[in-house]
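Got your viewer open? Let's walk through this one selection at a time, and keep the cartoon view on for now.

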Amino acid sequence: MALALGLGRRGMGRCWPNPAVGCVIVNAGRIVGRGWTQPGGRPHAETVALAQAGSLARGATAYVTLEPCAHHGKTPPCAEALVRAGVARVVSALQDPDPRVAGGGHAILQEAGIEVTTGVLADEAAQDHAGFLTRITRGRPRLTLKLALSLDGRIATATGESQWITGPEARRHVHSQRARHDAVMVGGGTARTDDPSLTVRGLGMAHQPLRIVASRRLSLAEDGQLARTATEVPVWLLHGSDADPELASRWRARGATCLEVPVIQGRLSPSAMLDMLGVEGLTRVYCEGGGTFAASLLEEGLVDELHVYTAGLALGAEGQPGLGALGLDRLAEAPRYRLTTLRQLGPDIFHRWQR
């Protein structure tokens, strides 16, 4: 199962809206088939592993990181494929909460006389499938907020200079995290100030996450990096009803997708944004700020995980804070997170926090 989980991680960021499942097929103590969900979500991990195993799947045990699907979609049910292959036993880490499955895959296997064992490495699988599980159970993608800060919690000097607070090792780690997510998201302020490409670089990868910018009035540079590359790597723009239709039309002509989001109290509704991204099929979103946008996500309890990179320099009170105002009066109101990872990256410190 640990191997199956490792295989499944290869699909992270590439197979949405489907989960990044891994599958290992073992016959007489020998691995005869391995697979993971392919880009675009098809074929599924079980299909790939069964094709590799061929006739050796008969009488074998299949280890799958999520309950095999039971519904007819763009591909036939994996549970039925396992039955047809003659697998004798299926070990799964988690039951799939998708109403179209929800125990139905295990039931198909058991009705065919296949032994089913569940719950193996369930906690690890729940972490790996957290994005898919969040979309199914809460209707939105899992959101990771990344912050690169000075020792005193600043993201830029008073003049806006921010490149580079952290070193090359930390920046390389950020690119690896982008690659494991379906999308990278920033607010309009960051897009205007930094003109970011939001792509994965320096890892020798062809895969790129889609890029999302939340800008109420679409007040973005039409000659910036995102505009110039929208036909190469997808760009989604979240905007309000008061955005200029002509601007939206020009962005669409450049290849961007424009999605209208409700405006509440003068800003794009953070929860509505996440709900819309869930409807569009996204499971894992990596948000890179800026400070006001990040604070709005924290304020509404939408940040599931924090990735904080801390550099060994101080910028002082005149520097720009990493987070905007949260409107807190008491400590009890502050969002709290649990530390899960702490490591050194060159001269910097990386810490991961989960809600």
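How are helix 2 and helix 3 oriented with respect to each other? Before answering, note that you're looking at a predicted model. Now select residues 45–53 for helix 2 and 78–85 for helix 3: the two pack at an angle of about 20 degrees, and their axes sit 9 Å apart. With angles under 35 degrees counting as roughly parallel, the pair is therefore roughly parallel. Look at the handedness too: helix 2 passes helix 3 in a left-handed crossing. To see who does the touching, show side chains for Glu46, Thr47 and Leu50 on helix 2, then Cys78, Ala81, Leu82 and Ala85 on helix 3. Color that helix 2–helix 3 contact by class and you get 5 nonpolar, 1 polar and 1 charged residues.

Keep helix 3 on screen and add residues 104–111, which is helix 4. The axes of helix 3 and helix 4 come within 9 Å and cross at roughly 20 degrees, so this pair, too, is roughly parallel. Which way does helix 3 pass helix 4, left-handed or right-handed? Here the crossing is right-handed. On the helix 3 side, pick Ala79, Glu80, Leu82 and Val83; they meet Gly105, Ile108 and Leu109 of helix 4. The class count for this contact of helix 3 with helix 4 is 5 nonpolar, 1 polar and 1 charged residues.

Next stop, the 5-stranded sheet. Its strands make an open sheet in the order 2-1-3-4-5, with mixed pairing. Find the edges at strand 2 (30–36) and strand 5 (115–118), each of which pairs on one side only. From one strand to the next, the twist averages 15 degrees. Zoom in on strand 1 (residues 22–27) and strand 3 (residues 61–64): they run antiparallel and 4 bridges join them. For a specific pair, click Val24, whose bridge partner in strand 3 is Tyr63. Bring helix 4 back, and you'll find that it packs on this sheet, touching strand 4 (89–92) and strand 5, with its direction at about 150 degrees to that of strand 5.

Now hide all that and move along the chain to the other sheet. How many strands form the open sheet with the order 11-10-9-8-14-6-15-18-17? There are 9, and the pairing is mixed again. Select strand 11 (257–260) and strand 17 (338–345) to mark the edges; each has a single partner strand, so one side of each is left without a neighbour in the sheet. Neighbouring strands here are turned by 20 degrees against each other on average, direction ignored.

Inside this sheet, strand 15 (residues 305–310) and strand 18 (residues 348–354) pair in the antiparallel sense over 6 bridges. Label Glu305 and you'll see Gln354 of strand 18 standing opposite. Then add residues 270–279, helix 11, which lies across several strands, including strand 6 (142–149), strand 8 (183–187) and strand 14 (284–287), and runs at about 140 degrees to strand 10 (235–239).

Finally, zoom out and show everything. In total the protein has 12 helices and 18 strands. Its radius of gyration is 22 Å, close to the 20 Å that the globule rule gives for 355 residues, so it is as compact as a globular protein of that length. If you want a bounding box, the C-alpha trace spans about 70 × 45 × 40 Å along its principal axes.

Key: Residues are numbered from 1 along each chain as its sequence is written. This is a predicted model: local features need pLDDT of at least 70, side-chain atom pairs count only at pLDDT 80 or more; totals for chains, interfaces and linings use all residues. Side-chain values use heavy atoms; hydrogens and water are left out. Axes are lines fitted to C-alpha atoms, for helices over the stretch in contact, and angles run from 0 to 180 degrees between N-to-C directions. Angles under 35 degrees count as roughly parallel, over 145 as roughly antiparallel, 65 to 115 as roughly perpendicular and the rest as oblique. A crossing is left-handed if the near helix is turned anticlockwise from the far one by less than a right angle, and right-handed if clockwise. Contact means heavy atoms within 4.5 Å. Ala, Val, Leu, Ile, Met, Phe, Trp, Tyr, Cys and Pro count as nonpolar, Asp, Glu, Lys and Arg as charged, and the others, Gly among them, as polar. Two strands pair if DSSP finds at least two bridges between them. The radius of gyration is taken over C-alpha atoms; the globule rule is 2.2 Å times the number of residues to the power 0.38.
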